[in-house]
Amino acid sequence: MSQDPETLHGARAELLAAARTTDAWAPALPPNDGLAHPASVLVLFGRLDSVPAQTDDRTVAADLDVLLQRRAATLSSHPGQVSFPGGRREEQDADAVATALREAQEETGLDPAGVEVLATLGELPLAASNHVVTPVLAWWRSPSRVAAVDHAETVEVFRVPVAQLLDPSIRFTSTIHRMGRTWRGPAFDVDGTIVWGFTAMVLDALFDATGWTQEWDRGVERPVEA
């Protein structure tokens with residue numbers, strides 16, 4: 001039986017506490033135009049050492065990584081971008097959690113049995129592909145091997161240390177110019193791999209909500225390519 005999160009300390013408890021206040025910190029995204037398709041993503045945190053987590057109260061943000069993937073450049077939606085595992089809800093999916101776990105297994109090969117779902121966060125619009133996305137926050141209780149399963153969709157799967165993402169030196173504000181406007185958002189430069197857009201906004205907001213964020217210079221701007 002899981003312990004009461006109020007009695008726990010450490011990263012898992014901080015994620016649970018953040019999930020309870022998701023409406024207060026969820027990133028503000030442009031609304032969808034018309035009927036949007038439901039989708040889910042798996043926001044999966046795990047121990048860096050890949051050892052099953054038995055001492056949650058001693059696990060801090062510096063001990064964690066988060067599962068990300070890079071989409072194939074040939075996809076019509078968000079080509080080449082770094083994303084959380086996930087995708088559109090299918091008829092057989094019972095709920096948003098089922099969608100996130102199914103998609104993550106299909107894309108990365110992870111074993112859903114080792115994943116503890118902490119919470120479903122509030123739905124977020126993704127206007128670029130006309131989806132409404134439910135982030136499913138999860139804890140990798142027993143990590144399993146991951147790799148790109150279908151290279152037509154995913155070209156790389158990787159676990160990024162949270163401490164690296166929190167490093168102010170790799171953070172910047174991304175800029176993209178569309179239809180005469182400039183859009184700005186948080187971004188991360190992970191050894192030359194740029195995390196921006198929806199994924200970066202969710203991570204940025206979640207890091208703020210958990211209290212993990214280290215102050216970074218939002219005035220540093222770099223253009224990104226869609």
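**How much accessible surface does the protein chain have, and what share of it belongs to carbon and sulfur atoms?** The total comes to about 11,000 Å², and carbon and sulfur atoms hold 50% of that. Keep in mind while looking around that this is a predicted model. The chain has 226 residues, and 51% of them are buried. Its secondary structure adds up to five helices and twelve strands. If you take the contacts between residues at least 6 apart in sequence, 64% of them join residues at least 24 apart.

**View 1. The largest nonpolar core has 43 residues.** Good places to start looking are Phe45, Leu137, Phe188, Phe207 and Trp212, which touch the most other members of this core. Helix α5, residues 197–210, is the top contributor, with eight residues. Another core lies apart from this one; it has 15 residues, including Leu44, Val97, Ala138 and Ala148.

**View 2. Leucine 137 in its surroundings, with neighbours from several stretches of sequence.** Setting aside residues up to four places away in sequence, leucine 137 touches Leu15, Ala19, Val43 and Phe45, among others. The list also includes Val117, Leu118, Ala119, Leu121 and Leu206.

**View 3. Phe45, Phe188, Phe207 and Trp212 make up one aromatic cluster.** The model has three aromatic pairs by the rule used here. In one of them, the ring centres of phenylalanine 45 and tryptophan 212 are 6.0 Å apart and the planes meet at 85°, so this pair is edge-to-face. Those two rings come from distant parts of the chain, 167 residues apart: phenylalanine 45 belongs to strand β1 (residues 37–47), while tryptophan 212 is in the loop between α5 and β12 (221–223). Phenylalanine 207 also pairs with tryptophan 212, this time tilted, with 6.1 Å from centre to centre and 35° between the planes. Phenylalanine 45 and tryptophan 212 are both buried, and phenylalanine 207 is buried too.

**View 4. Two arginines sit over aromatic rings.** Arginine 181 lies over the face of tryptophan 183, 4.3 Å from the ring centre. Over at phenylalanine 172, the charged end of arginine 222 sits above the ring, 4.2 Å from its centre.

**View 5. Strand β7 (131–140) is buried along its whole run, ten residues out of ten.** In a regular strand, side chains alternate between the two faces of the sheet. Here His131, Val133, Pro135, Leu137 and Trp139 point one way, and Val132, Thr134, Val136, Ala138 and Trp140 point the other way. β7 pairs with β1 in the parallel sense over ten bridges, and one of the matches is alanine 39 with valine 133. β5 runs antiparallel to β7, with five bridges joining them; valine 117 has alanine 138 as its bridge partner. Strand β6 (residues 124–126) is antiparallel to β7 as well, over three bridges, and here proline 125 is partnered with valine 132.

**View 6. Two residues with positive phi, asparagine 130 and aspartate 191.** Most residues other than glycine have a negative phi. Asparagine 130 has a positive phi near 55°, in the hairpin of β6 and β7, where four residues come between the strands. Aspartate 191 has a phi near 50° and sits in the loop between β10 (181–190) and β11 (193–195). With a relative accessible area of 70%, aspartate 191 is exposed.

**View 7. Helix α1 (residues 11–19) is mostly covered.** Seven of its nine residues are buried, namely Ala11, Arg12, Ala13, Leu15, Leu16, Ala18 and Ala19. These buried residues pack against α2 (22–25), β1, β2, β5 (115–120), β7 and α5.

**View 8. Valine 66 is buried, while leucine 48 is partly exposed.** Valine 66 belongs to strand β2 (residues 64–71), and its relative accessibility is 0%. Leaving out neighbours within four places in sequence, valine 66 is in contact with Leu44, Phe45, Phe84, Phe158, Arg159, Val160, Val162, Leu165 and Leu203. Leucine 48 is found in the loop between β1 and β2, with 40% relative accessibility. The C-alpha atoms of leucine 48 and valine 66 are 9.0 Å apart. From leucine 48 to valine 160 the C-alpha distance is 8.8 Å, although 112 residues separate them in sequence.

How values were computed. Residues are numbered from 1 along each chain as its sequence is written. This is a predicted model: local features need pLDDT of at least 70, side-chain atom pairs count only at pLDDT 80 or more; totals for chains, interfaces and linings use all residues. Side-chain values use heavy atoms; hydrogens and water are left out. A nonpolar core is a set of buried Ala, Val, Leu, Ile, Met, Phe, Trp, Tyr and Cys residues joined through side-chain atoms within 4.5 Å. Buried means under 20% relative accessible area, exposed over 50%, partly exposed in between (1.4 Å probe, protein chains only). Contact means heavy atoms within 4.5 Å. Rings of Phe, Tyr and Trp (its six-membered ring) pair if their centres lie within 6.5 Å; planes under 30 degrees apart count as stacked, over 60 as edge-to-face and the rest as tilted. A charge sits over a ring if NZ of Lys or CZ of Arg is within 6 Å of the ring centre and within 35 degrees of the ring normal. Accessible areas come from the Shrake-Rupley method with a 1.4 Å probe; for residues, only the protein chains shown count as cover. Two strands pair if DSSP finds at least two bridges between them.
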